[in-house]
Amino acid sequence: MNNVLLTVIHGGGILLLFMAVPIVIGVAVYKDAKARGMEPWLWALVSALVPYCIGLIIYLVMRASHKGLQCAACGAKVEPAYSLCPQCGSPLKYKCDACGLPVETNWALCANCGAALPQDRQPLTRPAGAKTGKAIWIALGVLVALFVLVIAALIAFSFAGSASAAVVRSLP
């Protein structure tokens, strides 16, 4: 009786571990992708749901190829420190109406003077290479299809194995 209880507790711990690891990976990838201007929900789901950490590896490869920012007006490559686009001259940062210093798009208050900032502003830069995202959705579709095929194959083999065992038992 005591061994059965320990086995159940041990098995439950392993199951909990197998459920917790993908969740932790998904949360970490979500935060990192959001900070890099990538699609956070897409990458969190891919990294958490694709088995054997293949999704995490795909994310890490794509993250390494994700480079810099581009001007929202002309698409020229820009650096985060730029205030104006060197190609078209468009502003890349908003300025505080009260003090005139640059402010970030998501700030509610100016860090210099404390003046309230409008909250409906659109970013003046975008992540480089973030034109459509169509390739990412195609890759995700292929990964999901492969995942479904693997699950279907596992189910089919488990039923085939139980059927063959029944046939062997019925032989004289």
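**Entry 1: the core**

I started with the largest nonpolar core of this predicted model. I counted 11 residues in that core: Ile 25, Val 29, Ala 33, Met 38, Leu 42, Trp 43, Val 46, Val 50, Tyr 59, Leu 140 and Leu 143. Next I looked up which helices feed it. Helix H1 (2-35), helix H2 (40-49) and helix H4 (134-170) each supply at least two of these residues. I jotted down a general remark here: in soluble globular proteins, nonpolar side chains tend to be buried together.

**Entry 2: around Ile 25 and Ser 47**

I picked Ile 25 from the core list and checked what it touches. Leaving out residues up to four places away in sequence, I found Ser 47, Cys 53 and Leu 56.

That sent me to Ser 47, which sits in helix H2. Is Ser 47 buried or exposed? It counts as buried, because its relative accessibility is 3%, and the cut-off for buried is under 20%. Setting aside neighbours within four places in sequence, I noted its contacts as Ile 25, Gly 26, Val 29, Gly 55 and Leu 56. Ile 25 and Val 29 were already on my core list.

**Entry 3: aromatic rings**

How many aromatic pairs does the structure have? I got two. I wrote up the one formed by Trp 43 and Tyr 59: it is tilted, with 5.5 Å centre to centre and 55° between the planes. This pair links distant parts of the chain, with Trp 43 in helix H2 and Tyr 59 in helix H3 (residues 54-65), 16 residues apart. Both Trp 43 and Tyr 59 are buried, and both belong to the core from my opening entry.

I also looked at Tyr 94. The charged end of Arg 121 sits over its ring, 5.0 Å from the centre.

**Entry 4: cysteines**

I searched the whole structure for disulfides and came away with zero. Why is there no bond at Cys 71? Its closest cysteine sulfur is in Cys 88, 3.8 Å away, so the distance is too far for a bond; the cut-off is 2.5 Å. Cys 71 is buried, at a relative accessible area of 0%.

I repeated the check for Cys 85. The closest cysteine sulfur is in Cys 74, at 3.6 Å, which is again too far for a bond. Cys 85 counts as buried too, with 4% relative accessibility.

**Entry 5: the sheet**

Then I turned to the strands. Three of them form an open sheet in the order E2-E1-E5, with antiparallel pairing. Which strands stand at the edges? I found E2 (77-78) and E5 (125-127) there; each has a single partner strand, so one side of each is left without a neighbour in the sheet.

I looked closer at strand E1 (residues 69-71), which pairs with E5 over three bridges in the antiparallel sense. Gln 70 has Arg 126 in E5 as its bridge partner. For reference, I added that strands of a sheet pair through backbone hydrogen bonds, either parallel or antiparallel.

**Entry 6: the whole chain**

I finished with the overall tally. The chain has four helices and five strands. Reading from the N terminus, I wrote the order as α-α-α-β-β-β-β-β-α. Of the 172 residues in the chain, 18% are buried. I also looked at contacts between residues at least 6 apart in sequence: 37% of them join residues at least 24 apart.

How values were computed:
Residues numbered from 1 in each chain as written. Predicted model: local features only at pLDDT ≥ 70, side-chain atom pairs only at ≥ 80, totals over all residues. Heavy atoms only, no water. Pairing = 2+ DSSP bridges. Helix = DSSP H or I, 4+ residues; strand = E, 2+ residues; numbered from the N terminus. Core = buried A, V, L, I, M, F, W, Y, C linked by side-chain atoms within 4.5 Å. Buried < 20%, exposed > 50% of the residue type's maximum accessible area, 1.4 Å probe, protein only. Contact = heavy atoms within 4.5 Å. Phe/Tyr/Trp six-rings, centres within 6.5 Å; stacked < 30°, edge-to-face > 60°. Lys NZ or Arg CZ within 6 Å of the ring centre and 35° of its normal.
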